[in-house]
Amino acid sequence: MLLCYITDRSQFAGDESVRRRALLQKITEAARCGVDFIQLREKDLTTRELELLAREAIRAVRENSSAITKLLINSRTDIALAVGANGVHLRSDDIAPSAVRNILSQQHPDASLTVGLSCHTLDEVRQAAHQADFVAYGPVFPKKTVLGSNAVGLEDLHQACQEKIPVLALGGITLENAGACLQTGAAGIAAIRLFQENDVREVVDALRSLPPLDVVD
């Protein structure tokens with residue numbers, strides 16, 4: 001099972017310095033617990049601010065993970081390369097994963113980056129199947145904080161999981177509904193609140209103890 005913690009320091013209480021420390025502590029916890037991916041998704045920061053935070057985050061991951069956890073920078077391939085991150089996670093409207101790989105092969109032939117992609121339609125998943133390393137598909141469930149938000153639902157998640165790429169369920173995921181997502185064939189879970197609002201060790205242990213997909217003809 002693949003687990004992806006998506007960061008959002010704005011959800012922590014306090015001023016910027018307090019939120020930053022809380023975020024780095026949560027990243028440290030996630031690395032210690034063997035979360036597969038940490039997606040640094042702090043969209044409001046300037047390029048310089050994001051670079052500095054990314055350097056601190058990659059240090060926290062390297063000092064607290066036994067080479068399992070990969071730090072992915074949201075959208076910014078340049079920053080991922082500059083700080084030595086493990087990869088990049090792209091939005092659905094970002095540059096295509098294939099373009100990222102072309103840039104790497106031409107300008108950074110020695111670089112090897114994991115490329116994740118957020119998808120919101122089945123067509124986007126199909127297009128990503130031979131370009132990205134994994135996709136986060138959703139929102140599977142309605143967002144509690146957004147009225148009238150559209151959710152793809154479990155059936156669409158199941159359809160997405162038929163493509164030849166690992167699909168992580170994203171959006172409204174809780175410990176109560178994570179099992180249903182895995183039963184659709186999802187390769188794992190991607191979430192913000194699930195990790196940030198709970199003890200990471202308890203969440204990881206609970207998720208990894210869920211039964212595997214039931215094979216049904």
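**A walk through the pocket, rings and core**

Visitor: Which residues lie nearest the centre of the largest pocket?
Guide: A pocket is an open set of points on a 1 Å grid over the protein atoms alone, where a 1.4 Å probe fits and protein lies on both sides within 12 Å along at least five of seven lines. Lining residues have an atom within 4 Å of a point. Here 33 residues line the largest pocket, and nearest its centre are Lys-143, Leu-170, Gly-171, Gly-172 and Ile-192.

Visitor: Hang on, what kind of model is this?
Guide: Residues are numbered from 1 along each chain as its sequence is written, and side-chain values use heavy atoms, leaving out hydrogens and water. Local features need pLDDT of at least 70 and side-chain atom pairs 80 or more, while totals for chains, interfaces and linings use all residues, since what you see is a predicted model.

Visitor: Back to the pocket: which elements give two or more residues to its lining?
Guide: Helices (H or I, at least four residues) and strands (E, at least two) are DSSP runs, numbered from the N terminus. Two or more lining residues come from strand E8 (188-191) and helix H8 (193-196).

Visitor: How far apart in sequence are the parts tied together by Tyr-5 and Phe-195?
Guide: Rings of Phe, Tyr and Trp (its six-membered ring) pair if their centres lie within 6.5 Å; planes under 30 degrees apart are stacked, over 60 edge-to-face, the rest tilted. Tyr-5 and Phe-195 are tilted, with 5.9 Å between centres and 55° between planes. Tyr-5 sits in strand E1 (residues 2-6) and Phe-195 in helix H8, so the parts they tie together are apart in sequence by 190 residues.

Visitor: And how are Phe-37 and Phe-134 arranged, stacked or tilted?
Guide: Both are buried, meaning under 20% relative accessible area (exposed is over 50%, partly exposed in between; 1.4 Å probe, protein chains only). Phe-37 belongs to strand E2 (residues 37-40) and Phe-134 to strand E6 (residues 134-137), so their pair links parts 97 residues apart. With centres 4.5 Å apart and planes at 20°, the pair is stacked.

Visitor: Which helix gives the most to the largest nonpolar core?
Guide: A nonpolar core is a set of buried Ala, Val, Leu, Ile, Met, Phe, Trp, Tyr and Cys residues joined through side-chain atoms within 4.5 Å. This one has 62 residues, and Ile-27, Leu-40, Ile-189 and Phe-195 touch the most other members. With seven residues, the top contributor is helix H2 (residues 47-64).
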